[in-house]
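Work through the exercises below with the coordinates open. Each task is followed by a solution in steps.

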Amino acid sequence: MLALPLSAMRELRGRAISMIFQEPMTSLNPVLSIGRQLGEVLQRHERLSARAARGRAIELLDLVRIPEPARRVDDFAHNLSGGQRQRVMIAMAVACRPRLLIADEPTTALDVTIQAQILELLDSLRREFSMSLLLITHDLGLVGQWADRVAVMYAGRKVEEATTPRLFEHPAHPYSRGLLGTSLHLDRDLHYRTARLPEIRHGVDDAGEATFRLTEALPHRIPSPPPSDVPLLSLRGVRTHYQTPRGRLAAVDGVSLDIRRGQTVGLVGESGCGKSTLSKTILRLLEPTDGTIQLDGQDITHLDEDRLRPLRRHVQMIFQDPFGSLNPRHSIETILDSVLRVHGVGQRAERRARIAETLDHVGLPRQALARYPHEFSGGQRQRIGIARALILKPSLVICDEPVSALDVSIQAQILNLLVELKRDFGLSYLFISHDLSVVRYIADEVFVMHGGKFVEHGDHQGIWEAPRHDYTRTLIEAVPTRKAPVLAAA
């Protein structure tokens with residue numbers, strides 16, 4: 001293939017080899033219907049007419065289990081959920097029945113139930129089309145459940161390759177052992193108050209070669225916060241409704257919770273259940289339709305912006321995608337300084353001292369201040385996002401999927417950092433995630449959200465070991481396991 005001219009490669013791409021990308025929203029054309037985009041592949045490689053291509057596009061949407069395919073074929077990408085967009089990408093990739101399908105992190109941003117559906121779909125298509133699948137992922141649970149063989153890469157090189165059972169039971173390379181040691185899974189009874197996660201620390205030796213070292217999982221004891229008469233955050237009967245062409249939609253439908261000082265509350269649920277709407281309502285970026293929101297005993301439900309602005313510094317947010325939430329045209333110093341200026345913090349010298357102190361806390365060198373977001377790795381950008389949230393010294397931090405886009409070694413570093421910052425500053429967290437194993441480790445109490453309501457809540461241990469609600473059991477059963485897969489017959 002390396003010697004083929006571009007014209008020959010065009011014939012291979014899409015027909016013999018296809019690819020599914022990590023983020024379907026940026027891979028699909030926003031101004032063309034999904035039917036047009038599927039038809040383009042079929043007209044290019046199968047030489048179908050426009051009418052025949054449309055008919056085949058509807059068949060493909062039905063194949064990947066898009067409901068009402070004849071109607072949805074004219075929808076645009078923004079009309080679909082995340083899981084549906086990924087199904088469209090799969091339909092496009094298998095349209096010409098390729099011999100090899102490359103799936104690059106196909107389920108990273110999806111909740112566990114949709115993730116399981118997508119992987120089951122890929123596996124059924126693999127068997128139906130006698131197709132080979134190259135699954136690229138940082139989720140070792142997916143590898144353990146779905147892969148026949150595993151190749152482990154580090155610094156651009158393959159350091160180990162083995163059958164899945166052999167790799168998980170007897171990893172030969174230190175880096176493979178490190179990945180397995182730092183990864184969280186739901187049946188691993190670890191909690192941040194009793195154990196620090198092991199980490200893989202990356203570096204460069206004198207010859208310019210990439211190096212790494214493993215840190216141990218250290219036991220430690222972080223005491224539970226003392227009981228308090230007044231919760232830091234209290235929600236009672238909160239509802240948030242949207243007006244849609246089909247009527248009013250109750251995105252958040254009468255939820256109540258308390259977060260105490262020094263406590264971490266985990267929030268889990270599938271895409272579209274209302275988690276993000278609830279976080280925006282707490283921040284008063286969306287107006288609640290009903291109910292009350294109290295911050296440290298003060299009712300903020302209907303405060304106007306002038307009275308709300310001084311309180312905003314006490315509740316900050318860490319976003320899922322640090323690159324998308326950082327201004328690419330501003331240096332790190334400008335990004336952090338603007339937060340302080342907006343909230344009227346001190347003179348220039350005082351702001352510079354606060355910025356330097358915050359960088360030290362999140363483990364970034366002070367030389368980073370003059371650099372721009374694109375000059376950092378994903379883990380470093382997330383540390384910048386954490387610095388931006390902490391620089392105002394808040395009491396409550398809302399963490400919206402803060403580690404879902406990071407590989408397991410960087411994920412462990414960020415989780416350990418969040419635990420250290422919580423201990424040092426007495427922070428409270430509302431930790432939103434679709435990764436149940438991460439929530440089991442980081443949360444003191446867990447709320448399960450479904451259809452805009454809380455269907456169950458409990459302490460970090462009991463909810464996993466004895467779930468009461470059917471939906472909670474469905475979420476737990478959808479989590480990929482590390483067991484070796486049952487290989488399909490040849």
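**Exercise 1. Describe the open sheet that holds strands 1, 2 and 3.**

Step 1. In this predicted model, the sheet has 3 strands in the order 1-2-3, and the pairing is parallel.

Step 2. Strand 1 (17-20) and strand 3 (132-136) each have a single partner strand, so they are the edges, and one side of each is left without a neighbour in the sheet.

Step 3. On average, neighbouring strands here are turned by 15° against each other, direction ignored.

Step 4. Strand 1 and strand 2 (residues 100-104) run parallel and are joined by 4 bridges. Within this pair, Met19 stands opposite Ile102 in strand 2.

Step 5. Helix 6 (residues 82-94) packs on the sheet and touches strand 1 and strand 2. The helix direction makes about 175° with that of strand 1.

**Exercise 2. Work out the strand order, edges and helix packing of the open sheet of 6 strands.**

Step 1. The order is 13-14-15-10-16-17, and the pairing is mixed.

Step 2. Strand 13 (315-318) and strand 17 (453-459) are the edge strands, each pairing on one side only. The average turn between neighbouring strands is 20°, direction ignored.

Step 3. Strand 16 (residues 445-450) and strand 17 run antiparallel, with 6 bridges joining them. His450 has Lys453 in strand 17 as its bridge partner.

Step 4. Helix 16 (residues 378-390) lies across strand 13 and strand 14 (396-400), at about 175° to strand 13. Helix 20 (residues 470-478) lies across strand 10 (264-268), strand 16 and strand 17, at about 100° to strand 16.

**Exercise 3. Which residues touch the most other members of the largest nonpolar core?**

Step 1. The core has 62 residues, and Ile386 and Leu415 touch the most other members. Helix 17 (residues 408-425) gives the most to this core, with 8 residues.

Step 2. Beyond its neighbours within four places in sequence, Leu415 is in contact with Leu184, Leu197, Val403, Phe431, Val438, Tyr441 and Ile442.

Step 3. There is also a second, separate core of 37 residues, which includes Leu42, Ala53, Val64 and Val88.

**Exercise 4. Place Arg196 and find the polar contact of its side chain.**

Step 1. Arg196 lies in the loop between helix 10 (174-182) and strand 6 (200-204).

Step 2. Its side chain makes a polar contact with the side chain of Glu420, at 2.4 Å.

Step 3. With neighbours within four places in sequence left aside, the residues in contact with Arg196 are Arg201, Ala217, Leu218, His220, Asn416, Glu420 and Tyr441.

Conventions. Residues are numbered from 1 along each chain as its sequence is written. This is a predicted model: local features need pLDDT of at least 70, side-chain atom pairs count only at pLDDT 80 or more; totals for chains, interfaces and linings use all residues. Side-chain values use heavy atoms; hydrogens and water are left out. A nonpolar core is a set of buried Ala, Val, Leu, Ile, Met, Phe, Trp, Tyr and Cys residues joined through side-chain atoms within 4.5 Å. Buried means under 20% relative accessible area, exposed over 50%, partly exposed in between (1.4 Å probe, protein chains only). Helices (H or I, at least four residues) and strands (E, at least two) are DSSP runs, numbered from the N terminus. Contact means heavy atoms within 4.5 Å. Two strands pair if DSSP finds at least two bridges between them. Axes are lines fitted to C-alpha atoms, for helices over the stretch in contact, and angles run from 0 to 180 degrees between N-to-C directions. A polar contact is a pair of N or O atoms within 3.5 Å; within protein, one must be able to donate a hydrogen and the other to accept it, and residues adjacent in sequence count only if both atoms are side-chain atoms.
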